[in-house]
Amino acid sequence: MELKTLIGEPWSDYGLLDSGDGRKLERYGRFRFIRPEPQAMWKPATTDWRADGEFIPGSDEDGGGRWYYEKPVPAEGWPLHWREVTFQSSCTPFRHLGFFPDMAPIWDDLRATYADKPDAEVMNLFGYTGVGTLALSAGGARMVHVDASKKSVAQARANAALSGMEEKPVRWIVEDAAKFVAREVRRNRRYDGILLDPPKYGRGPDGEVWRLEEDLPGLIANCRALLDADSRFLFLTVYAVRMSALAIGELLRQAFADLPGTVEAGELAVREEARGIALPTAIWARWKR
């Protein structure tokens with residue numbers, strides 16, 4: 001399987017300014033932030049990084065850390081824009097800023113897959129703050145947004161209001177993603193597309209435990225049962241660096257062997273503005289008809 005790289009280019013409200021020495025400097029609207037980035041093993045373009053805040057990681061391997069601010073940054077967040085979508089960005093305790101900018105080229109690509117099907121129904125699993133859901137909704141899809149976090153779904157709905165998209169056909173579901181998909185299979189439901197971005201580890205609202213390496217194959221099998229020969233895509237992103245794009249590509253190739261279409265896999269990256277370097281961020285695999 002030939003691996004492909006999907007590179008996110010800068011836009012007006014986001015850009016990777018510089019990277020190197022295990023860190024990255026990014027702009028989010030009018031603010032600049034420094035975050036740790038183990039993939040940036042090269043030297044930065046310049047050492048004069050002026051930022052409003054920096055996330056300093058903790059000493060444990062499982063994450064942790066905190067933000068340190070050089071200038072005032074609104075604790076409640078500030079609005080950003082992508083195409084038709086307006087959403088709130090903020091400095092979260094998990095080191096990111098409420099959305100994943102490397103997904104932007106994927107949103108554009110997936111919108112094109114159902115441009116000729118105005119009634120397309122698409123499910124976004126582990127939908128988080130809903131930026132991807134709203135991006136696909138603005139492209140004409142009827143969306144089902146699923147996340148186990150009440151707080152995340154509340155933020156997603158608030159982002160819909162910020163975008164003036166409260167009346168768009170979106171079902172907001174607070175539930176464990178794997179349980180919801182299994183129930184949809186029992187209901188004999190079908191979808192035109194599925195977007196999923198599962199975490200390495202997580203807990204559902206009723207204490208359900210999710211472990212990526214153990215539970216992903218079963219979830220993909222159930223997602224396959226919700227798609228048919230008239231469906232358009234399944235797009236999977238994985239941020240757990242111990243996994244391989246070849247591995248998740250083969251997982252999808254076998255799961256979708258009975259459907260027409262193609263399976264691709266590769267890396268996600270964002271383009272550094274200083275030198276044009278592509279900074280890898282995640283791996284992905286896709287079935288598309």
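This is a short chat between a student and a tutor about reading helices, sheets and cores in a predicted model.

Student: Let's start with helices. How do I describe two that pack together?

Tutor: Two packed helices are described by the angle between their axes and the distance between the axes. Try it on helix H1, residues 104-113, and helix H2, residues 131-138: they pack at about 35°, and their axes are 9 Å apart.

Student: Is the crossing of H1 and H2 left-handed or right-handed?

Tutor: Right-handed. On the H1 side you'll find Trp107, Leu110 and Arg111, and they meet Val131, Gly132, Ala135, Leu136 and Ala138 of H2. Sorted by type, the residues of this contact come out as 6 nonpolar, 1 polar and 1 charged.

Student: What about helix H4 and helix H5: at what angle do they cross?

Tutor: Roughly 35°, with the axes of H4 (residues 177-186) and H5 (residues 212-225) coming within 9 Å. This crossing is left-handed. H4 brings Ala178, Val181, Ala182 and Val185 to the contact, while H5 brings Leu219, Asn222, Cys223 and Ala225. Here the split is 7 nonpolar, 1 polar and no charged.

Student: Now sheets. In what order do the strands of the open sheet sit?

Tutor: Read across the sheet and the order is S2-S3-S4-S5-S6, which makes 5 strands with mixed pairing. Strand S2 (14-20) and strand S6 (65-69) are the edges, as each pairs on one side only. On average, neighbouring strands here are turned by 20° against each other, ignoring direction.

Student: What does mixed pairing look like up close?

Tutor: First, a general idea to keep in mind: in a regular strand the side chains alternate between the two faces of the sheet. Then follow strand S5, residues 53-57. S5 runs parallel to strand S4 (residues 31-36), and 2 bridges join them. With S6, S5 pairs in the antiparallel sense, over 5 bridges.

Student: Which residue of S5 is the bridge partner of Ile34?

Tutor: That's Glu54. Now go on to S6, and you'll see that Glu54 has Tyr68 as its bridge partner there.

Student: How do I read a nonpolar core?

Tutor: In soluble globular proteins, nonpolar side chains tend to be buried together. The largest core in this model has 46 residues, and Tyr28, Phe33 and Trp78 touch the most other members. Take Phe33: beyond its neighbours within four places in sequence, its contacts include Tyr28, Ala51, Trp67, Val73, Trp78, Cys91 and Leu97. Some of its contacts aren't nonpolar, among them Lys24 and Glu26. Another core, of 34 residues, lies apart from the largest one, and Ile173, Tyr191, Leu212 and Ile220 are among its members.

Student: One last residue, Glu121. Is Glu121 buried or exposed?

Tutor: Buried, because its relative accessible area is 12%, and the cut-off for buried is under 20%. Glu121 lies in strand S9, residues 121-125. Strand S9 runs parallel to strand S10, with 5 bridges joining them. Glu121 stands opposite Arg142 in S10. Strand S10 (residues 142-147) is mostly covered too, with 5 of its 6 residues buried.

Student: Which residues is Glu121 in contact with, leaving aside its neighbours within four places in sequence?

Tutor: Arg142 and Val144, plus the run of Arg189, Arg190, Tyr191, Asp192 and Gly193. You've already met Tyr191, as one of the residues in the core of 34.

Notes. Residues are numbered from 1 along each chain as its sequence is written. This is a predicted model: local features need pLDDT of at least 70, side-chain atom pairs count only at pLDDT 80 or more; totals for chains, interfaces and linings use all residues. Side-chain values use heavy atoms; hydrogens and water are left out. Axes are lines fitted to C-alpha atoms, for helices over the stretch in contact, and angles run from 0 to 180 degrees between N-to-C directions. Helices (H or I, at least four residues) and strands (E, at least two) are DSSP runs, numbered from the N terminus. A crossing is left-handed if the near helix is turned anticlockwise from the far one by less than a right angle, and right-handed if clockwise. Contact means heavy atoms within 4.5 Å. A nonpolar core is a set of buried Ala, Val, Leu, Ile, Met, Phe, Trp, Tyr and Cys residues joined through side-chain atoms within 4.5 Å. Buried means under 20% relative accessible area, exposed over 50%, partly exposed in between (1.4 Å probe, protein chains only). Two strands pair if DSSP finds at least two bridges between them.
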